[in-house]
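Q: Hi! Could you walk me through this structure, a helix at a time and then the empty spaces?

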Amino acid sequence: MENRLQTIYEAASFLFINKGYMRTQMKDIAKEIGLSTGMLYVYFKRKKDILDFILKCTIDPDFIQREFEYPIDGRLFEGLSGEIMKVLNDSHITFSEPLLREAKGYSFERMVSDAFDTIARYGTGCLVLEKNINDVGELGAFYQRYRKEFFDNILGYVNIYIRSGEMRAVKYPELTAQQMIETLAWWGMHVKNDAFEIQKNIPVSVAKEICMDNILYAYKK
């Protein structure tokens, strides 16, 4: 059952990201994994329950291993929006904390590593939100604020590391921060979900190594 749920998770995530939640129907998800539509309804009553399942698994990877009664009851996801907001907000607070001490004892390399881990950990769910920003209610507006806060954090670190000499001087710090985030997002989110050549089987450790090599080579002094 866990393997079947994993298959549904991956297929629905792919469709919600690449086709859009509103344009995806239950029959599309069933077709993507080679199930009859009726069999998919054995596991989930509604498309919304599948969306919630994906988002829940994003913030709680062990959720998929639970023992469920089928079809999975949508009441399991009551309060999910609040849970997601808390998890992402806690992540923001943790990542921004070294800024309060001018990143003392917090190296440029460590910052890039932590930024990648944050993006990779929540990548699938965040992409689902990003690609369906107008269809996920209050989570859409929250996610837009979260993105802005993440950018502001990266920019804050860039300015600190330039001043301290850990990063080479750049003419446009804001564009540099944006370029870093694009690189982090590419290897932490997009390569497995919506890249030109999707690579689902690339290990996270390999993606992280390549990502960090790219950023550190370009900007570390």
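Q: What comes right after H7, and what is its phi like?
A: H7 is followed by Gly 165, and the phi of Gly 165 is positive, near 90°. Helices here are DSSP runs (H or I, at least four residues), as strands are (E, at least two), all numbered from the N terminus.

Q: Is this a predicted or an experimental model?
A: This is a predicted model, where local features need pLDDT of at least 70, side-chain atom pairs count only at pLDDT 80 or more, and totals for chains, interfaces and linings use all residues. Residues are numbered from 1 along each chain as its sequence is written, and side-chain values use heavy atoms, with hydrogens and water left out.

Q: Cool. How many residues does H7 have, and how far does it reach?
A: H7 has 27 residues and spans 39 Å from its first C-alpha to its last. That is close to the 39 Å expected at 1.5 Å a residue (the expected span is 1.5 Å times one less than the number of residues).

Q: At what angle do the axes of H5 and H7 cross?
A: Roughly 5°, and the axes of H5 (residues 80-96) and H7 (residues 138-164) come within 10 Å. The axes are lines fitted to C-alpha atoms, for helices over the stretch in contact, with angles running from 0 to 180 degrees between N-to-C directions.

Q: So what do we call that arrangement, parallel or antiparallel?
A: The crossing makes H5 roughly parallel to H7. Angles under 35 degrees count as roughly parallel, over 145 as roughly antiparallel, 65 to 115 as roughly perpendicular and the rest as oblique.

Q: Which residues make the contact?
A: On H5 they include Ile 84, Leu 88, His 92 and Phe 95, and on H7 they include Phe 142, Tyr 146, Phe 150 and Asn 153. Contact means heavy atoms within 4.5 Å. By class, the contact of H5 with H7 has 10 nonpolar, 6 polar and 2 charged residues. Ala, Val, Leu, Ile, Met, Phe, Trp, Tyr, Cys and Pro count as nonpolar, Asp, Glu, Lys and Arg as charged, and the others, Gly among them, as polar.

Q: New topic: how many cavities of 30 Å³ or more are there?
A: The structure holds 2 of them. On a 1 Å grid over the protein atoms alone, a cavity is a set of points where a 1.4 Å probe fits but cannot get out, while a pocket is an open set with protein on both sides within 12 Å along at least five of seven lines; lining residues have an atom within 4 Å of a point. Grid points are joined across faces, edges and corners, and a volume is the space filled by probe spheres set on the points.

Q: Which helix gives the largest share of the lining of the largest cavity?
A: H6, with 4 residues. That cavity holds about 60 Å³ of space, and Ile 84, Leu 88 and Tyr 122 are among its lining residues.

Q: And what lines the second largest cavity?
A: Ser 91, His 92, Phe 95, Thr 118, Tyr 146, Phe 150 and Asn 153. Its lining has 3 nonpolar, 4 polar and no charged residues.

Q: What about the largest pocket, what is its volume?
A: About 650 Å³. It is lined by 25 residues, and Gln 6, Tyr 9, Ala 120, Thr 124 and Lys 192 lie nearest its centre. H6 gives the most to this lining, 7 residues.
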